[in-house]
Amino acid sequence: MTAFETMLPLSMLGLLVVILFSGFPVAFCLAGVGLTFALLGGLLGMFHPMQLFLIVSRIWGSIAENLVLVAIPMFIFMGIMLEKSGVARHLLEILSVLMRRVPGGLALAVVLMGTIMAATTGIVGASVVMLALLALPVMMERGYDKAVAAGVISSSGTLGILIPPSIMLVVMGDLLAIPVGDLFAGAVIPGFLLSGLYLVYIVVLALLAPAKMPKLAQAEVDKVDNLPLLVLRGFLPPTVLVVCVLGSIIGGFATPTEAAGIGAFGATVLAVFNRTFSIGLLRDVARGTALTNAMIFGIFCGATLFSYVFRELGGDDAIIHVIDLLDLHDWTLLCLLMVIIFLLGFFFDWLEITLIILPVFRPIVMALDFGDAVPSDKILLWFAIAVAVNLQTSYLTPPFGPALFYLRQAGHAHLSLGQIYRGVIPFTLLQLAGLVLCLLFPALVLWLPDYMGY
Amino acid sequence: MSLLLASAHRLKAAARGIGTAAAWLVVLLILTVVLDVITRRFVVLGSTKLQDLEWHFHAALFLFSLGYAYVEGEHVRIDVLHTRFGPKTAAAIELVGALIFLVPFCLIVLYYGYTFVERSFMLDEGSASQTGLPHRWIIKSTLLGGFFMLLVAALGALCESLAILLGAPPPESRHGEHEEVGL
Amino acid sequence: QEAKVKWKMAGTFSSSLPQLGTLGKRLEEQIAKVSGGSIEIRFYEPNALVPPLESFDAVSVGAIDAAFSTPGFWGGKVPALQVFAALPFGPPSPEYMAWFYFGGGQEIFDEIYAKHGIHSVMCGMLAPEGSGWFREEIKSVDDLAGLKLRFFGLGAKALEKFGVSAQLLAAPDVYPALDRGVIDGLEFVQPAIDLKMGFWQIAKHYYFPGWHQQSTFFDLMINKDKWDALSETQQAQIEAVCGDNVRYGIAEGEAIQVPALKELQEKGVQLHRWSDEDLQKLRGAVDEVIAEQVAADPDFKRAYESFSTFRTEYATWKDLGYLK
Ligand code: NA
Ligand code: NA
């Protein structure tokens with residue numbers, strides 16, 4: 001490849017960053033920069049106008065006709081319904097009273113909620129929005145540091161892409177020809193490991209800097225009388241809901257996607273029992289859902305256009321070319337791949353990154369030699385999970401971290417994007433720590449699939 | 001100027017009207033899922049059709065609310081710098097962005113989308129799974145409807161930002177209520 | 001000296017999947033060698049350029065040059081093309097090829113694709129499929145009533161006649177759905193591929209024969225203008241490589257199932273075969289479904305009648321020439 005051929009697609013990334021900071025909506029910046037380069041490619045004879053047809057194909061085939069994405073509006077609906085009907089509020093109030101002696105108790109509760117949600121869905125947009133709707137107002141009221149709250153919510157909300165069921169692991173299974181069950185089993189321990197790292201970090205931070213996560217004032221606690229009744233009122237309804245959602249999946253009544261619908265319906269029923277339901281409430285929840293959902297899908301539409309033009313202009317080849325130039329082997333190649341995947345995460349979503357990296361490096365990675373560290377027939381599985389842990393980070397890295405955008409939109413009354421960017425940095429570092437652990441101790445990935453007899 | 005503001009108002013109201021109507025689709029979506037989950041244990045209603053219907057509802061929902069979300073200012077922005085801009089600078093950015101990014105995006109999707117829907121109509125395309133819903137062109141045409149409403153919303157934003165640049169008072173910003181600390 | 005051709009070809013299955021993807025990848029490698037570099041057809045993973053089910057339109061309008069797929073994918077758009085992919089109770093590959101290349105199939109095939117601005121070359125063949133993975137043993141087809149199965153195409157329509165509820169699940173939901181019993185079974189491809197997909201981890205009963213899908217043709221769809229612009233030599237090179245790909249697919253498909261079946265059995269999978277009586281019942285349902293299709297679509301009728309006429313006549317030779 002000539003230097004120009006390498007630089008042209010890579011300069012798309014540079015222009016995107018500049019344009020994003022103009023403050024024009026992210027979705028349309030992605031589309032606009034993509035179209036600008038399509039035009040440029042057309043002038044250079046690298047792009048034919050008819051190729052633009054594929055923008056429509058991609059918006060339709062990958063986004064509109066995608067049955068798994070249907071879970072997003074239903075989870076958002078559930079979140080808004082729980083928030084507006086006051087159910088969420090009761091729960092978190094009671095949680096903060098109960099956990100008042102635990103350092104960072106509320107943040108810990110959010111991580112646990114995120115982990116539970118991760119076991120029901122793999123849809124990051126849905127879980128981040130829901131956690132933001134439910135937990136952010138309470139965290140703000142309790143005087144939590146904004147950056148900390150932002151980091152906790154966005155990182156816990158992205159666990160779903162790693163902890164099974166996960167669409168990302170299914171797609172990776174296809175691309176690498178690894179059984180989905182192996183990947184699901186392999187991702188469980190790393191997923192909970194990350195969740196554990198978040199918990200430890202929160203406790204340590206709460207002990208070191210208590211001002212960032214203030215405990216509930218004794219005066220507030222004293223106001224509470226008849227705790228058991230409060231617990232019943234606050235805990236029972238959401239517990240029933242969680243049991244319905246998880247139970248319908250585990251009991252074999254619903255798929256994970258359908259469980260989102262069960263949850264949304266259940267949240268509405270709770271609002272009826274809570275005597276807060278009205279047609280006006282339903283209308284407000286539906287409108288709120290439509291708006292947040294449109295924001296998420298707007299980004300999907302813009303991003304699919306952007307990555308398509310990037311690929312047509314030879315972006316994938318440029319990246320592979322750069323890796324080839326370095327001519328590395330075994331551990332160094334593996335580390336380089338991890339670094340590249342991390343860097344790509346600044347700009348692309350997991351699907352595009354897996355399409356760039358996995359098909360090309362599948363045969364190469366299979367032939368690597370890690371001595372006794374990893375048996376040769378398990379290298380691909382171990383690699384895949386390491387990539388998956390790495391890719392979860394792509395949701396969190398500025399400037400183009402989708403989880404950060406979802407949080408920004410759902411929590412716009414409380415958080416600025418600057419606060420979110422700062423808050424997520426420690427969690428990104430925790431992610432990297434988790435990745436390094438998986439690489440250093442392959443058993444974290446390989447033990448469970450082996451135990452399950454795969 | 002008043003003509004510009006009046007047009008902006010009308011265009012935005014149109015996008016908002018369609019969006020608020022489409023918002024109810026989420027309720028239909030949830031009911032469809034619940035119906036499918038409950039009934040398929042007992043009777044064969046045709047799950048493939050219901051599951052097709054789910055993404056049909058969702059496609060129409062998100063497409064028709066793209067423009068609605070734009071007029072309501074719900075499309076997320078990296079406003080780290082944006083909040084420091086004055087109203088005129090912000091209006092200029094909106095004007096340029098809508099003109100060179102958003103309007104061409106809509107026009108391209110509409111132009112190629114027309115071919116896309118027309119092909120489906122000519123074939124009277126049905127579900128690829130044989131047991132699903134027929135007449136795919138109906139749902140595919142929401143692509144045109146949705147992006148047309150986004151175009152309408154974009155034209156509304158164009159008119160409004162042009163009016164602001166010409167001296168009209170800027171509307172209240174709904175994202176401006178928190179203090180911005182930057183990076 | 002002919003112009004050098006550089007095409008982009010959309011895959012509809014990942015290149016790592018045996019046969020489904022590897023045959024497309026093989027086409028990419030072989031055409032470069034056979035044409036001495038005058039034709040480059042680059043394989044793109046599914047979704048890299050275009051979502052798999054959108055590749056028909058994309059090739060047709062010329063947004064991509066080519067796609068590697070099976071005609072059976074387009075049942076929702078052009079029902080007749082299903083006749084050229086795999087038919088329930090359809091023929092084994094020699095008979096299928098005899099009809100396609102010498103029995104009038106190809107002419108109809110070319111005509112149908114030409115209406116959509118596509119020239120297509122048969123470019124691969126898959127071995128018969130398994131007819132499903134089930135959580136519980138199925139004693140007879142009558143046990144199928146009320147089951148929830150993930151099944152597609154004409155086979156799904158036939159199964160509906162037994163009271164099966166066909167499910168359309170999102171890809172990531174399939175594994176948990178089968179694991180937890182939201183669905184009772186599913187159909188995917190053949191032992192060598194299903195082994196890689198890992199269905200054996202959650203369902204232990206694997207049924208044969210693949211009554212719904214015997215031999216399956218794969219094809220290389222090419223935008224017609226691009227095809228017409230090739231030199232005769234280049235066209236012949238593509239046809240030769242594709243013809244060889246069909247040969248390769250048949251041989252490979254027959255060879256890779258046995259090791260896969262052994263491995264599946266070691267993993268505790270029970271292999272079952274439908275009884276003749278069950279197959280007879282299924283055939284009755286299939287005949288009904290096909291009669292419906294024939295009545296609904298003139299092109300389907302034409303293609304199917306061409307095939308069944310050939311099949312009836314061919315039976316003489318099949319009975320006479322082959323050992324039973
Ligand atoms: Na998950
Ligand atoms: Na990112």
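How many salt bridges does the rule find across the interface of chain A and chain C? The count is 2 salt bridges. Keep in mind that this is a predicted model. Here is a walk through the two interfaces of chain A, one of its helices, a sodium site and a couple of single residues.

## Chain A against chain C

One of those salt bridges joins Asp317(A) to Arg42(C), with 2.9 Å between the closest N and O atoms. Polar contacts add to the picture: 15 residue pairs, both at pLDDT 80 or more, are counted between chain A and chain C. On the chain A side, H3, H9, H10, H12 (227-250), H13, H14 and H17 each put in at least two residues. H3(A) gives the most, with 7 residues. Sorted by class, the side of chain A that touches chain C has 25 nonpolar, 10 polar and 9 charged residues.

As for extent, 44 residues of chain A meet 39 residues of chain C. Together they bury about 3200 Å², and carbon and sulfur atoms give 62% of that area.

## Chain A against chain B

Now for the other partner. Chain A and chain B bury about 6200 Å² between them, with 76% of it on carbon and sulfur atoms. Three aromatic names stand out here: Phe24(A), Phe28(A) and Trp60(A) supply 12% of the area that chain A buries against chain B, more than any other three residues. In residue terms, the contact draws 72 from chain A and 68 from chain B.

The rule finds 3 salt bridges across the interface of chain A and chain B. One of the salt bridges in the model pairs Arg408(A) with Asp79(B), at 2.3 Å from N to O. There are also 10 residue pairs in polar contact across the interface of chain A and chain B, both residues at pLDDT 80 or more. The elements giving two or more residues to this side of chain A are H1 (3-20), H2 (26-43), H3 (53-64), H4 (71-84), H13 (256-273), H14 (279-312), H19 (402-410) and H20 (417-440). H14(A) gives the most, with 16 residues. By class, the side of chain A that touches chain B splits into 49 nonpolar, 16 polar and 7 charged residues.

## Ser22(A), in a loop by chain B

Ser22(A) sits in the loop between H1 and H2 of chain A. Its side chain works in two directions along the chain. The side chain of Ser22(A) comes to 2.7 Å from the backbone oxygen of Ile19(A), and a polar atom of that side chain lies 3.2 Å from the backbone nitrogen of Phe24(A).

Which residues does Ser22(A) contact, leaving aside its neighbours within four places in sequence? These are His82(B), Phe85(B) and Ile93(B).

## Helix H9 of chain A

H9(A) covers residues 167-176 and is mostly covered itself, with 8 of its 10 residues buried. Those buried residues are Ile167(A), Met168(A), Leu169(A), Val170(A), Met172(A), Gly173(A), Leu175(A) and Leu176(A). What do they pack against? Within chain A, the partners are H10 (180-208), H17 (350-366) and H18 (379-394), and chain C adds its own helix H6 (171-180).

Both ends of H9(A) have something to look at. At the N-terminal end, Ser166(A) acts as a cap, with a side-chain oxygen 3.2 Å from the backbone nitrogen of Met168(A). Just after H9(A), Ala177(A) takes a positive phi of about 55°.

## The sodium site

The sodium ion (ligand 2) has its protein donors in chain A: the backbone oxygens (O) of Gly345(A), Ser394(A), Thr397(A) and Phe400(A), plus OG1 of Thr397(A). They lie 2.1 to 2.9 Å from the ion. Along the sequence, the donor residues follow the spacing G-x48-S-x2-T-x2-F. Ser394(A) and Phe400(A) are both buried.

## Thr312(C), out in the open

Over in chain C, Thr312(C) belongs to helix H11 (residues 298-321). Is Thr312(C) buried or exposed? Thr312(C) counts as exposed because its relative accessibility is 59%, and the cut-off for exposed is over 50%. Ser275(C) is 37 residues away from Thr312(C) along the chain, and 24 Å separates their C-alpha atoms.

How values were computed
Residues numbered from 1 in each chain as written. Chains lettered and ligands numbered in written order. Predicted model: local features only at pLDDT ≥ 70, side-chain atom pairs only at ≥ 80, totals over all residues. Heavy atoms only, no water. Donors = N, O, S within 2.8 Å, 3.2 Å for Na, K, Ca; no water. Buried < 20%, exposed > 50% of the residue type's maximum accessible area, 1.4 Å probe, protein only. Helix = DSSP H or I, 4+ residues; strand = E, 2+ residues; numbered from the N terminus. Contact = heavy atoms within 4.5 Å. Polar contact = N/O pair within 3.5 Å; in protein donor to acceptor, adjacent residues only side chain to side chain. Buried area = accessible area lost by both parts, 1.4 Å probe. Salt bridge = Lys/Arg side-chain N within 4 Å of Asp/Glu carboxyl O. Nonpolar A, V, L, I, M, F, W, Y, C, P; charged D, E, K, R; others polar.
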